[in-house]
Amino acid sequence: MSVLVFADSSEGKFKKTAFEVVSYGKKVAEQIGSSMTTLTINGGDASELHTYGAEKVLEVKEGSLSSFNAKSYAAIISQAAATQNADLVIIDSSVDGLTVASLVAVAMDAGYASNVVDLPSNTSPFTVKRKAFSNKGFNHTIISTEKKVVGVAKNSYGAHENPVSGSAESFSATIPAMGVKSESVSKASGTVTIADADVVVSAGRGLKGPENWGMVEELADVLGAATACSKPVSDLGWRPHSEHVGQTGKPVASNLYIAIGISGAIQHLAGINASKVKVVINTDPEAPFFKAADYGIVGDAFEVVPQLIEKLKDFKAQNS
């Protein structure tokens, strides 16, 4: 069983999840005594992947794929798997990854397990641990098909440096008609995206209005964090829907999640349960979020957050 890893990128730079899936794939290849090939599509410098154990890198440079297209990506990955005789394909479990992996599994007639959080506990039968029930529990899934697709959950395995001498070669694939044409893409600049953020600062209706979001953005800036919000806030138009996190919004798997003025509805908690450390600031000591949080501050956000920003700035100044 040989392994093919897809290392995702954006605007010519590898995403953090790319290094995580390469680290994961390298270890799985060692478990099963096989080789690993890494595939990139309009990615960055292959030497970055060599740092995490990718010896052989296939590079696809295709101008028509300047923006993400699930159908095209899946076709390229499937063709690469065929040429490399790969029986196991490893992809991240981001929003894009979940879509692509499903299409790859269909093309390969493979079994697919998403949101995998650990290395296989057994390779015969191939058994993986997955997040389940909106991140409230885990299950152990056996993939019994000959060919397999595994989606690795963000921040579950981690990126582990394992420098190797590697090579990179171009790979040509037949790209199908896209079906959907992207006319334009508008992206925020100068900010950290929720998908890539290790730290997320989120706020809810407790901030009372969009005019008070300045302190949330300032706290995020000090921490190098992404900003996010609860569903009611995006529904009210205080913040863009792209910042809405939760079960019906974007899932978050950050190392640190700070919730300001968010009560903690079950749908919101389901979307952020995968975050490793959760901090809540709320005036209501009975807010549901306190039961899910690792740390909690009962207090007025308009008093607590400015003090927190000041202390963090002082700390950074003393340690710079």
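In the predicted model, the lining of the second largest pocket draws at least two residues from each of α6 (231-235), α7 (266-272), β16 (277-282) and α9 (301-318). This pocket encloses about 380 Å³ of space. Its lining comprises 26 residues, of which G204, R205, G261, I262 and S263 are the closest to the pocket centre.

A search of the whole structure for enclosed space returned one cavity of 30 Å³ or more. The volume of the largest cavity is about 40 Å³, and its lining is formed by F6, D8, F68, Y73, I91, D92, D96, G97 and V100. Both β6 and α4 (95-108) contribute at least two residues to the lining of this cavity. The largest share, three residues, is supplied by α4.

Aromatic residues recur in this lining, with F6, F68 and Y73 among the residues concerned. F6, F68 and Y73 also form one aromatic cluster. Seven aromatic pairs are present in the structure as a whole. In the pair formed by F68 and Y73, the ring centres are 5.0 Å apart and the planes meet at 70°; the arrangement is therefore edge-to-face, the angle being over 60 degrees. F68 has a relative accessible area of 32% and is thus partly exposed, whereas Y73, at 6% relative accessibility, is buried. A stacked pair is formed by Y257 and F289, with 6.4 Å between the centres and 15° between the planes. Because Y257 belongs to strand β15 (residues 256-260) and F289 to helix α8 (residues 289-292), this pair ties together parts that are 32 residues apart in sequence. Y257 is buried, with 0% relative accessibility, and F289 is likewise buried, its relative accessible area being 0%. A further ring interaction involves a charged side chain: K129 is placed over the face of F138, 4.4 Å from the ring centre.

The largest nonpolar core contains 28 residues, and the members that touch the most others are V22, Y24, L49, I90 and V150. Two or more residues of this core come from each of β1 (2-7), α1 (16-32), α2 (46-50), β6 (86-92), β7 (111-116), β9 (126-132) and β11 (148-152). The largest share is that of α1, with seven residues. Another core, of 25 residues, lies apart from it and includes F6, A81, A101 and A105. F6 is thus a member of this other core, of the aromatic cluster with F68 and Y73, and of the lining of the largest cavity.

The surroundings of I90 and L88 were examined individually. When residues up to four places away in sequence are not counted, I90 touches V3, L4, V5, F6, V21, Y24, G25, V150 and V152. L88 is located in strand β6 and is buried, with a relative accessible area of 0%. With neighbours within four places in sequence set aside, the contacts of L88 are M1, S2, V3, L4, V28, F126, K148 and V150. V3, L4 and V150 are thus found among the contacts of I90 and also among those of L88. L88 and F302 are 214 residues apart along the chain, and their C-alpha atoms are separated by 51 Å.

Technical notes. Residues numbered from 1 in each chain as written. Predicted model: local features only at pLDDT ≥ 70, side-chain atom pairs only at ≥ 80, totals over all residues. Heavy atoms only, no water. Phe/Tyr/Trp six-rings, centres within 6.5 Å; stacked < 30°, edge-to-face > 60°. Buried < 20%, exposed > 50% of the residue type's maximum accessible area, 1.4 Å probe, protein only. Helix = DSSP H or I, 4+ residues; strand = E, 2+ residues; numbered from the N terminus. Lys NZ or Arg CZ within 6 Å of the ring centre and 35° of its normal. Core = buried A, V, L, I, M, F, W, Y, C linked by side-chain atoms within 4.5 Å. Contact = heavy atoms within 4.5 Å. 1 Å grid on protein atoms, 1.4 Å probe; cavity = no way out; pocket = protein on both sides within 12 Å on 5 of 7 lines; lining within 4 Å. Points joined across faces, edges and corners; volume = space filled by probe spheres on them.
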